[in-house]
Amino acid sequence: MELHLMRHGKTSANEQGLYCGQTDLPLSPTGIAQIESFKDSCLYPQSPALFFSSHLIRAVQTIDIIYGKVRVKTLPEIAEFHFGDFEMHSHEELKNRGDYRLWIADKTGAVPCPGGESKQQFEKRVIAGYNNIVSEVNLANCACALVVCHGGIIACLMEHLCPGTKGFYEWQPAQGRGYTLVYAGGQLQEARNL
């Protein structure tokens, strides 16, 4: 079974370097053009049997551009990190705030963003959502499925699935890119770039 994890195309927040987790932004014109270009170069799997996405428009819109109006199961568990009060602000805007410095310096993942979630809460949510997807794909006896979500989700999952190989930010793919996970006998056999 192949499970493709793909990051949505660019948004205006990506282009401006803003923390954008739960804000429901569409793709930017640049993001749309980028996804169309990747589609034209046949970068993406040709015929997934199942499609999953976060409920945020930028992820659903990415699938629509590549595959047209297909049936997509949306899951809030694979929505991007909830940045709370830091949402739609840049590092430069936040760097002098004490609560922000506390959050970025946190090595345990226990410190939440004010009005948002902690890294520990995020990981628990994302891994539970991923396990539900894998169960559904296995139950359907599906050979190829596509999950379009967010950079933080994919980095979290890859760090969990391939522990000790790369750090969180090293796993985070560029917009419109991701990883193909190859499973056999219920075990992850290979992870390659998409």
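**Exercise 1. The surroundings of His-8**

In which loop does His-8 lie? Determine its place, its burial and its side-chain partners.

*Solution.* This is a predicted model, in which local features need pLDDT of at least 70 and side-chain atom pairs count only at pLDDT 80 or more, while totals for chains, interfaces and linings use all residues. Residues are numbered from 1 along each chain as its sequence is written, and side-chain values use heavy atoms, with hydrogens and water left out.

Step 1. Helices (H or I, at least four residues) and strands (E, at least two) are DSSP runs, numbered from the N terminus. His-8 is found in the loop between strand 1 and helix 1 (12-16).

Step 2. Buried means under 20% relative accessible area, exposed over 50%, and partly exposed in between (1.4 Å probe, protein chains only). His-8 has 4% relative accessibility and therefore counts as buried.

Step 3. A polar contact is a pair of N or O atoms within 3.5 Å; within protein, one must be able to donate a hydrogen and the other to accept it, and residues adjacent in sequence count only if both atoms are side-chain atoms. The side chain of His-8 has such a contact with that of Arg-58 at 3.3 Å and with that of His-150 at 3.4 Å.

Step 4. Contact in general means heavy atoms within 4.5 Å. With neighbours within four places in sequence left aside, the contacts of His-8 include Asn-14, Leu-27, Thr-62, Val-148 and Gln-175.

**Exercise 2. The sheet**

In what order do the six strands stand in the open sheet? Identify the edges and describe two of the pairings.

*Solution.* Step 1. Two strands pair if DSSP finds at least two bridges between them. The order is 3-2-4-1-5-6, and the pairing is mixed.

Step 2. Strand 3 and strand 6 each have a single partner strand, so they stand at the edges and one side of each lacks a neighbour in the sheet.

Step 3. Strand 1 and strand 4 run parallel and are joined by six bridges; His-4 has Leu-146 in strand 4 as its bridge partner.

Step 4. Strand 5 pairs with strand 6 (residues 187-193) in the antiparallel sense, also over six bridges. Tyr-183 is bridged to Leu-188 in strand 6. The hairpin of these strands has two residues between them, and Gly-185 takes a positive phi near 60° there.

**Exercise 3. Aromatic pairs around Trp-103**

How are the rings of Phe-83 and Trp-103 arranged? Place the pair in its wider setting.

*Solution.* Step 1. Rings of Phe, Tyr and Trp (its six-membered ring) pair if their centres lie within 6.5 Å; planes under 30 degrees apart count as stacked, over 60 as edge-to-face and the rest as tilted. This rule gives 14 aromatic pairs.

Step 2. The centres of Phe-83 and Trp-103 are 6.0 Å apart and the planes stand at 90°, so this pair is edge-to-face.

Step 3. Phe-83 belongs to the loop between strand 3 (73-74) and helix 4 (91-94), and Trp-103 to helix 5 (residues 98-105), so the pair ties together parts 20 residues apart in sequence. Both Phe-83 and Trp-103 are buried.

Step 4. Ring pairs link these two with Tyr-19, Phe-81, Phe-86, Tyr-100 and Phe-122 into a cluster.

Step 5. A charge sits over a ring if NZ of Lys or CZ of Arg is within 6 Å of the ring centre and within 35 degrees of the ring normal. The charged end of Lys-119 is so placed over Trp-103, 5.3 Å from the ring centre.

**Exercise 4. The nonpolar core and helix 7**

How many residues has the largest nonpolar core, and which elements give two or more residues to it? Describe the burial of helix 7.

*Solution.* Step 1. A nonpolar core is a set of buried Ala, Val, Leu, Ile, Met, Phe, Trp, Tyr and Cys residues joined through side-chain atoms within 4.5 Å. The largest has 34 residues, and those with the most contacts inside it include Leu-3, Trp-103, Ile-133 and Val-147.

Step 2. Strand 1 (2-7), helix 5, helix 6 (119-139), strand 4 (144-149), helix 7 (151-161) and strand 5 (178-184) each contribute two or more residues to this core.

Step 3. Apart from this core lies another, of 14 residues, among them Ala-59, Leu-146, Val-148 and Leu-194.

Step 4. In helix 7, eight of the 11 residues are buried, so the helix is largely enclosed by the rest of the structure. The cover over its buried residues includes strand 1, helix 6, strand 4, helix 8 (168-171), strand 5 and strand 6.
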